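Reader: I would like a close look at one part of this model, namely how two neighbouring helices are arranged, and then an account of the charged pairs elsewhere along the chain. Please take the helices as the starting point.

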Amino acid sequence: MALKSVHLVAGFGRIVDLKPAEVLTATDDAGELVAAEPEVLAHMNQDHAEACRLYATKLLGAPDGAWRCVGCDPEGLELQLDRMALRLPFPQRVRAPDVLRQTLMQLAEQARAA
């Protein structure tokens with residue numbers, strides 16, 4: 001699918017037309033990370049559920065709950081609790097799983113210290 005434009009309806013009186021580059025994340029330089037995404041999500045949800053919860057509650061100010069990782073790209077991690085979705089931006093662009101691991105560990109340390 002190729003986007004030509006985006007029409008965002010964000011609530012009463014908040015309607016904006018956006019260009020594709022304003023809503024898409026380039027992944028052409030992160031093939032290794034893109035290929036590893038399913039394993040990353042499964043690993044985070046199975047082995048690091050507490051870190052997912054801390055990212056949401058401590059770093060993003062969300063309500064407590066069983067937060068899950070549902071997406072990952074070079075610029076951030078997508079978290080979800082029921083119908084609520086949040087994005088945890090990374091401090092720098094991540095292109096490979098080993099760098100992602102280090103980034104997520106640093107963010108977990110920040111969340112635990114918060």
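Author: In this predicted model, helices H1 and H2 are roughly perpendicular to each other, because their axes cross at roughly 95 degrees and angles of 65 to 115 degrees count as roughly perpendicular. H1 covers residues 31-47 and H2 covers residues 49-59, and their axes come within 5 Å. On the H1 side the contact is made by Met44, Asn45 and Asp47, which meet Ala49, Cys52 and Tyr55 of H2. Sorted by character, the residues of this contact comprise four nonpolar, one polar and one charged.

From the helix contact we can turn to the charged pairs. Side chains of opposite charge can pair when their charged atoms come close. The structure holds seven salt bridges, and three of them are described here, beginning with one that involves H2.

Arg53 and Asp64 meet through their side chains in a salt bridge, with an N to O distance of 2.9 Å. Arg53 belongs to helix H2, whereas Asp64 sits in the loop between H2 and strand S3 (68-73), so that the pair links distant parts of the chain, 11 residues apart. Asp64 counts as exposed because its relative accessibility is 54%, while Arg53, at 22%, counts as partly exposed.

A second salt bridge joins the side chains of Arg95 and Asp29 at 2.7 Å, N to O. This pair also links distant parts of the chain, 66 residues apart: Asp29 is in the loop between strand S2 (15-18) and H1, and Arg95 is in the loop between strand S5 (84-89) and helix H3 (97-113). Both partners count as partly exposed, Arg95 at 41% relative accessibility and Asp29 at 34%.

The third salt bridge is formed by Asp73 with Arg87, whose closest N and O atoms are 2.7 Å apart. Since Asp73 lies in strand S3 and Arg87 in strand S5, the pair ties together parts that are 14 residues apart in sequence. Asp73 is buried, because its relative accessible area of 15% falls under the 20% limit, whereas Arg87 counts as partly exposed at 30% relative accessibility. Beyond individual pairs, salt bridges that share partners join Asp29, Glu75, Arg93 and Arg95 into one network.

Key
Residues numbered from 1 in each chain as written. Predicted model: local features only at pLDDT ≥ 70, side-chain atom pairs only at ≥ 80, totals over all residues. Heavy atoms only, no water. Axes fitted to C-alpha atoms, helices over the stretch in contact; angles between N-to-C directions. Helix = DSSP H or I, 4+ residues; strand = E, 2+ residues; numbered from the N terminus. Parallel < 35°, antiparallel > 145°, perpendicular 65-115°, else oblique. Contact = heavy atoms within 4.5 Å. Nonpolar A, V, L, I, M, F, W, Y, C, P; charged D, E, K, R; others polar. Salt bridge = Lys/Arg side-chain N within 4 Å of Asp/Glu carboxyl O. Buried < 20%, exposed > 50% of the residue type's maximum accessible area, 1.4 Å probe, protein only.
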